[in-house]
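Colleague: I am new to this structure and would be glad of a guided look at a single part of it. Could you take the salt bridges and walk me through what surrounds them?

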Amino acid sequence: MMENEARQNDTIIQVKDLKVNIKTDDGILTAVRGVDFEIRKGETLGLVGESGCGKSLTSKAILGINDKKCSAEGEIIFDADGLGRTDLLKLKPRGDEIRSVRGKQISMIFQEPMVAFSPMYTIGNQINEATLLHITKDKKKSKEISLGVMKKVGIANAEKRYDQYPHEFSGGMLQRALIAMALVCNPKLLIADEPTTALDVTIQAQILELMKELQKDFGMSILFITHDLGTVARMCDRVAVMYLGRIVESATALEIFKNPQHPYTKGLIGSVHKIGTKNQEKLFSIEGTVPLALNLPAGCGFYERCTQRIEGVCNAYDPTLVQVGQDHQVACFACTGCPKDGACSGCGKEGGKDA
């Protein structure tokens, strides 16, 4: 009991059974289908998966900034200053309470720095907007704070850059400005949605190193969204692997790379080029494509693409996350046993939902 209480006190945000539904002409598309994870104080959680698996929708649901066609349900419990432990989904999307959290206590680095800024306003003006809204109404003091953060993220000649427009910045410098805008209010949680997309390898390394340094300085937690496993190994403490709107495996970064359990996780790791492999050796490829999350059949969403599928089980039952080790969970019947009573003829493992 004391251990659970200590863990709860150490948890800054907890996402429970999150679903995001999208209205389409063909019906309701459930893009996020019951996601569960938590992030502890000062740690980095990597959310990994193919494009279209629901990573960005999950992150935007935390801030309540998904498109109007999207509706979210479940719980997102955040330890918010002034509000206590609060379910963010219950707050009005345009209300004062969520605005006291959004940008100040939880901030976000969006995917494309080239389109994240308005071309109509200077970089300083756009960074300063959050400072004026959440920290001080004094314009002189606000500018000082904004300039201080710009210098901290490595923007040279910050006083001059403050009055320049986005088109006058390079891609790497825009990314630094975007990080400055996200950190200017010293948030508890930073959501980084593929923050190194479209940057060259050298700049990527600089940005990642910068984020690690700033995390130590600010003492913040990070939700790091990416499909780059090399970045995950470098940045993350724990990893949640996402497929078709669900978390299929969750563990420490070391455990994920050392002992992956789910066939999808194994496929992702196997598709990464490794130093020392022969030039003629082909990279592993997961066959098939991700199905559309609309009118899905019963069973595991990875069934059609899985090499370890069990006929009559994986296409009939829906796997849930099961503990397979310390801080290691996986949703796969081939890994955890079948939901049937007794032994399964397909895998020979003992049945039962808690197997």
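Modeller: Happily; here is a tour of the salt bridges and the strands around them. Please keep in mind that this is a predicted model.

Searching the whole structure turns up eleven salt bridges. As background, side chains of opposite charge can pair when their charged atoms come close.

Let's begin with Arg40 and Asp327, whose closest N and O atoms are 3.6 Å apart. Arg40 belongs to strand β2 (residues 27-40), while Asp327 sits in the loop between β11 and β12, so this salt bridge ties together parts that are 287 residues apart in sequence. Arg40 has 16% relative accessibility and counts as buried, whereas Asp327, at 24%, counts as partly exposed. The cut-off that separates them is 20%, because buried means under 20% relative accessible area.

The loop that holds Asp327 deserves a moment of its own. Strands β11 (residues 322-325) and β12 (residues 328-330) form an antiparallel pair with three bridges, and Val322 has Val330 of β12 opposite it. Together β11 and β12 make a hairpin with two residues between them, and in that turn Asp327 has a positive phi of about 60°. Asp327 also takes part in a network, in which salt bridges with shared partners join Glu38, Arg40 and Asp327.

Next comes the pair Glu43 and Arg238, with 2.6 Å between the closest N and O atoms. Glu43 is in the loop between β2 and β3 and Arg238 is in strand β9 (residues 238-243), so the pair ties together parts that are 195 residues apart in sequence. Both partners are buried: Glu43 has a relative accessible area of 8%, and Arg238 is at 6%.

From the loop with Glu43 we can move on to β3 (residues 44-48), which runs parallel to β8 and is joined to β8 by five bridges. Thr44 has Ile222 as its bridge partner in β8. Strand β7 (residues 189-193) is likewise parallel to β8, with five bridges, and here Leu190 stands opposite Ile222. In β8 (residues 221-226), six of the six residues are buried. Ser221, Leu223 and Ile225 point one way, and Ile222, Phe224 and Thr226 point the other way. That fits a general pattern: in a regular strand the side chains alternate between the two faces of the sheet.

For contrast, look last at Glu311 and Arg309, which form a salt bridge with their closest N and O atoms 3.7 Å apart. Glu311 is exposed, with a relative accessible area of 52%, and Arg309 is partly exposed at 35%.

Methods. Residues numbered from 1 in each chain as written. Predicted model: local features only at pLDDT ≥ 70, side-chain atom pairs only at ≥ 80, totals over all residues. Heavy atoms only, no water. Pairing = 2+ DSSP bridges. Helix = DSSP H or I, 4+ residues; strand = E, 2+ residues; numbered from the N terminus. Buried < 20%, exposed > 50% of the residue type's maximum accessible area, 1.4 Å probe, protein only. Salt bridge = Lys/Arg side-chain N within 4 Å of Asp/Glu carboxyl O.
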